[in-house]
Amino acid sequence: DERTEAVFASLRQQASDIVKDIARISHYLRPSVLQSMGLPTALQTLCEKSRDPNGMNVVFTQNGEVPEHVPWHCSIALYRVAQEALRNALTHSGSEEVIIDLTTTASELVVTIGDDGRGFDLEQTSAGLGLSGMAGRMRDIHGTLRIESVPGIGTTVTAAVSLQVTAGTTKDSAAR
């Protein structure tokens, strides 16, 4: 009857929505571009997807070549820090531009996210889930996280991991 058909149509739509949500969550947990193309391309893509045609510009820069075999746990941690810092800048900074910079030095891999927006007083701000999550991710990979912010001047988040941590890793473990 019609009522049963309507119920089944609704159930089909709910099932379809659930499948889409699972795919979205899965992609969020393990971004395919990060896994297949590496950290520089993943950060570039994050910037491109975050650009707002009516507001804030998000720019990616890269200095130096990223080693070929960066372990997955280092790549995902640096990516998540950039993602969270960018989200914070988009939401709170009021800046016209956010710059995500990936720099490789002789000794470390560094991701810097900076804006020239509102900034905040580090002494007056409690470490919410975003800030504590970034710190925890960097602690887990034996990296460092530095947050510098001045009210009215802007915020810079710097996440770094030693290339010694990434040395000696096989290609297989870099993909994990």
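This short talk describes the fold, the core and a few individual residues of one protein chain.

Good morning, colleagues. Please keep in mind throughout that this is a predicted model.

I begin with the overall architecture. The protein chain contains seven helices and five strands. Read from the N terminus, these elements follow the order α-α-α-β-α-β-β-α-β-β-α-α. Of the 176 residues in the protein chain, 38% count as buried. Among contacts with a separation of 6 or more, 72% join residues that lie 24 or more positions apart. The accessible surface of the protein chain amounts to about 10500 Å², and carbon and sulfur atoms account for 53% of that area.

I turn now to the interior. In soluble globular proteins, nonpolar side chains tend to be buried together. In this model, the largest nonpolar core comprises 36 residues, and Leu43, Ile100 and Leu109 have the most contacts inside it. Which elements each supply at least two residues of this core? They are helix 2 (32–37), helix 3 (39–50), strand 1 (57–63), helix 4 (72–93), strand 2 (97–104), strand 3 (108–115), helix 5 (129–140) and strand 5 (154–162). Helix 4 provides the largest share, with 11 residues.

Leu109 deserves a closer look. Leaving aside residues up to four places away in sequence, Leu109 touches several residues, among them Leu39, Val66, Leu78, Leu102 and Ala159. Val70, Val161 and Leu163 are also among the residues that Leu109 touches.

Next, the cysteines. How many disulfides does a search of the whole structure find? The search finds zero. Two cysteines may be singled out for their surroundings. Cys47 has a relative accessibility of 0% and therefore counts as buried. Cys74 likewise has a relative accessible area of 0%, so Cys74 is buried.

From the interior I move to the surface. Val7, Phe8 and Leu11 together make a nonpolar surface patch of about 280 Å². One of these residues, Phe8, is found in helix 1, which spans residues 2–29.

My final point concerns the backbone. Most residues other than glycine have a negative phi. His142, although not a glycine, has a positive phi of about 60°. Where does His142 lie? His142 is located in the loop between helix 5 and strand 4 (144–150). Is this residue, His142, buried or exposed? Its relative accessible area is 66%, above the 50% cut-off, and His142 is therefore exposed.

To close, I would return to two features: the core of 36 residues, and the surface patch made by Val7, Phe8 and Leu11. Thank you for your attention.

Key
Residues numbered from 1 in each chain as written. Predicted model: local features only at pLDDT ≥ 70, side-chain atom pairs only at ≥ 80, totals over all residues. Heavy atoms only, no water. Patch = residues over 30% accessible without salt bridge, like charges linked within 9 Å, V, L, I, M, F, W, Y side chains within 5 Å. Areas by Shrake-Rupley, 256 points an atom, 1.4 Å probe, with all protein chains shown as cover. Salt bridge = Lys/Arg side-chain N within 4 Å of Asp/Glu carboxyl O. Helix = DSSP H or I, 4+ residues; strand = E, 2+ residues; numbered from the N terminus. Core = buried A, V, L, I, M, F, W, Y, C linked by side-chain atoms within 4.5 Å. Buried < 20%, exposed > 50% of the residue type's maximum accessible area, 1.4 Å probe, protein only. Contact = heavy atoms within 4.5 Å. Disulfide = S-S within 2.5 Å.
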